[in-house]
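Hi,

Here is the structure I promised to send over. Have a look at it first, and then read on for what turned up.

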Amino acid sequence: MFAVPANTVALTAAPTAVHPARIAAEVARARHRWAHLLRYDPTERYSALVESTGEVEIWLLSWLPGQHTDLHDHAGSAGAFTVVSGVLTERVIRSLTEVEHPVTVGQTRVFGPRYVHQVRNAGADPAVSIHVYRPERAGMTPYHFDPKTGLSPVD
Ligand SMILES: [Fe+2]
């Protein structure tokens, strides 16, 4: 026998929900789940809903070179995205700091509620990515960033 430390936390009986990053990576590998939805739109970034479970929403996005999102958050949703092909660049703003992360094939980026980012295809080839939102996507708030004053919502 052994003593249980005073700060031990008992596990809950309910199984922990699968992390959005794991879902994104698994769906990215499972091409049969989204290949029939894939299109490229020269006029705007293309998106298609792959699955909505009531807990998570899974989206397929395609990005021709130069296509991008605006700077935004996903309100109260957390999530993740995995790159299937091409290279995406994620620009993340936190307070007065901005950082760019290249995201290559098989890599996953994770985000929490109120996380502000912008994603673009800065590469020479089309890109495809799988995005997971939990709870289901509550909407996006667009932001403007000024390095001196920080983030402000776009009216
Ligand atoms: Fe986003």
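Which residues point one way from strand 9, which point the other way, and are they buried or exposed? One face has Ala127, Ser129, His131 and Tyr133. Val128, Ile130, Val132 and Arg134 point the other way, and the residues of both sets are buried. Keep in mind that this is a predicted model. With 8 of its 8 residues buried, strand 9 is largely enclosed by the rest of the structure. For the chain as a whole, buried residues make up 27% of the 155 residues.

So what sits around that strand? Strand 2 pairs with strand 9 in the antiparallel sense over 7 bridges, with Leu61 opposite Ser129. Strand 4 also pairs with strand 9, again antiparallel and over 7 bridges; here Thr82 has Ile130 as its bridge partner.

Zooming out, these strands belong to an open sheet of 5 strands in the order 1-2-9-4-7, with antiparallel pairing. Strand 1 (46-52) and strand 7 (108-111) are the edges, each pairing on one side only. On average, neighbouring strands of this sheet are turned by 20 degrees against each other, ignoring direction. At the strand 1 edge, 6 bridges join strand 1 to strand 2, and Leu49 stands opposite Trp59.

Then there's the helix. Helix 1 lies across strands 1, 2, 4, 7 and 9, and runs at about 25 degrees to strand 4. The chain has 1 helix and 11 strands, and along the sequence the helix is followed by the strands, in the pattern α-β-β-β-β-β-β-β-β-β-β-β.

Now the core. In soluble globular proteins, nonpolar side chains tend to be buried together. The largest nonpolar core here has 23 residues, and Ile23, Ala24, Val27, Ile58, Ile130 and Val132 touch the most other members. Helix 1 (20-29), strand 2 (57-63), strand 4 (78-85) and strand 9 (127-134) each supply at least two residues of this core. Ile58 is a good one to click on: leaving out residues up to four places away in sequence, Ile58 touches Ile23, Val27, Val50, Glu51, Ile130 and Val132.

Two overall numbers to finish. The C-alpha trace spans about 65 × 45 × 25 Å along its principal axes. Among contacts between residues at least 6 apart in sequence, 70% join residues at least 24 apart.

Cheers

Notes: Residues numbered from 1 in each chain as written. Predicted model: local features only at pLDDT ≥ 70, side-chain atom pairs only at ≥ 80, totals over all residues. Core = buried A, V, L, I, M, F, W, Y, C linked by C-beta atoms within 7 Å. Buried ≥ 20, exposed ≤ 12 C-beta atoms within 10 Å, placed from the backbone. Helix = DSSP H or I, 4+ residues; strand = E, 2+ residues; numbered from the N terminus. Contact = placed C-beta atoms within 7 Å. Pairing = 2+ DSSP bridges. Axes fitted to C-alpha atoms, helices over the stretch in contact; angles between N-to-C directions.
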